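Got the viewer open? Let's take a short walk through the chain, selecting as we go.

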Amino acid sequence: MKLSFKNTALAAIMLTGAFFTLNGQVSVKIKPAEISSPEQVASIKAELDSLELLQNFLIFSRFINDRENSSHPIPIFGLKTYTPSALFDTVPAIKALRKVYLDADGAYEQLLKRDSTYSALSDVVMKSKNRAEMEDAAFVLGNYEASKMKEMPELIEASNKRQVALSRQNAAMTRFILDHYQSQNRILPMEGLISENEIEAITNSNREISDVAQKIAILEFSLLSEEIEIELDCD
């Protein structure tokens, strides 16, 4: 069965929707676009840029909100296009959140250091002479720390407070950096911050974000072709 669409937008909807749920094979033949005016192409590209910027903002906003009070901090220090630590001294609200985290981290460490074995293992890590030795000692220390969690309920509580404080700090930093990028009409890179699975889950669970994604797909198809032929080989 063959279906041909002159309307690229309709073809885009069909391709991203119902046809992929059918059993069988789908092949797509795309005819080269007829020459469009430079003004039309520029208009479509400008709209795409605007929608992609909006998509970036919406996904990050939802992601930040989800992580802000969780025990899974956003790994913002992995961002290669910005220096997050610079915000500690330049943004008062983030500086205050940094203090809350450092206080929580200090309280957690004080609890651990009451244990003489932990203190001794920690000293070994600090005094390691090379990377391999340090990694081995850190591994032993980590296992010992995990075992102490089972014996000290107050340690679990302190650890949770530390993680939530770090999550709030990193969420505020991510939000600030996102706003900075948006003010310059730039896309904040997602690589290293949000996984593909998280992006997909956020998009599928939010109607506004999924609508924006569909509009982007339709516009991208419109730049590719004027006519799309879809061939179905169904059982």
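Start with the whole chain, colored by burial if you can: of its 235 residues, 34% are buried. Keep in mind that this is a predicted model.

Now switch to a cartoon view. You should find 9 helices and 3 strands. Trace them from the N terminus and the order reads β-α-β-α-α-α-α-α-α-α-α-β. If you turn on contacts with a separation of 6 or more, 81% of them link residues 24 or more positions apart.

Next, select residues 207-224, which form helix H9. Put a distance between the C-alpha atoms at its two ends and you get 26 Å. That agrees with expectation, because 18 residues at 1.5 Å a residue should span 26 Å.

Stay on H9 and show side chains. The buried ones to pick out are Ile209, Val212, Ile216, Ala217, Ile218, Leu219 and Phe221.

Step back to Asn206, at the N-terminal end of H9. What does Asn206 do there? Asn206 caps the helix, with a side-chain oxygen 3.1 Å from the backbone nitrogen of Glu208.

Finally, add residues 196-205, helix H8. H8 packs against H9 at about 105°, and the two axes are 5 Å apart. The angle makes H8 roughly perpendicular to H9. To see the contact itself, select these residues:

- From H8: Ile202, Thr203 and Ser205.
- From H9: Arg207, Ile209, Ser210 and Ala213.

Color them by type and you'll count 3 nonpolar, 3 polar and 1 charged. Ile209 is worth a second click: Ile209 is among the buried residues of H9 and also takes part in the contact with H8.

Definitions and conventions:
Residues numbered from 1 in each chain as written. Predicted model: local features only at pLDDT ≥ 70, side-chain atom pairs only at ≥ 80, totals over all residues. Heavy atoms only, no water. Helix = DSSP H or I, 4+ residues; strand = E, 2+ residues; numbered from the N terminus. Expected span 1.5 Å × (residues − 1). Buried < 20%, exposed > 50% of the residue type's maximum accessible area, 1.4 Å probe, protein only. Polar contact = N/O pair within 3.5 Å; in protein donor to acceptor, adjacent residues only side chain to side chain. Axes fitted to C-alpha atoms, helices over the stretch in contact; angles between N-to-C directions. Parallel < 35°, antiparallel > 145°, perpendicular 65-115°, else oblique. Contact = heavy atoms within 4.5 Å. Nonpolar A, V, L, I, M, F, W, Y, C, P; charged D, E, K, R; others polar.
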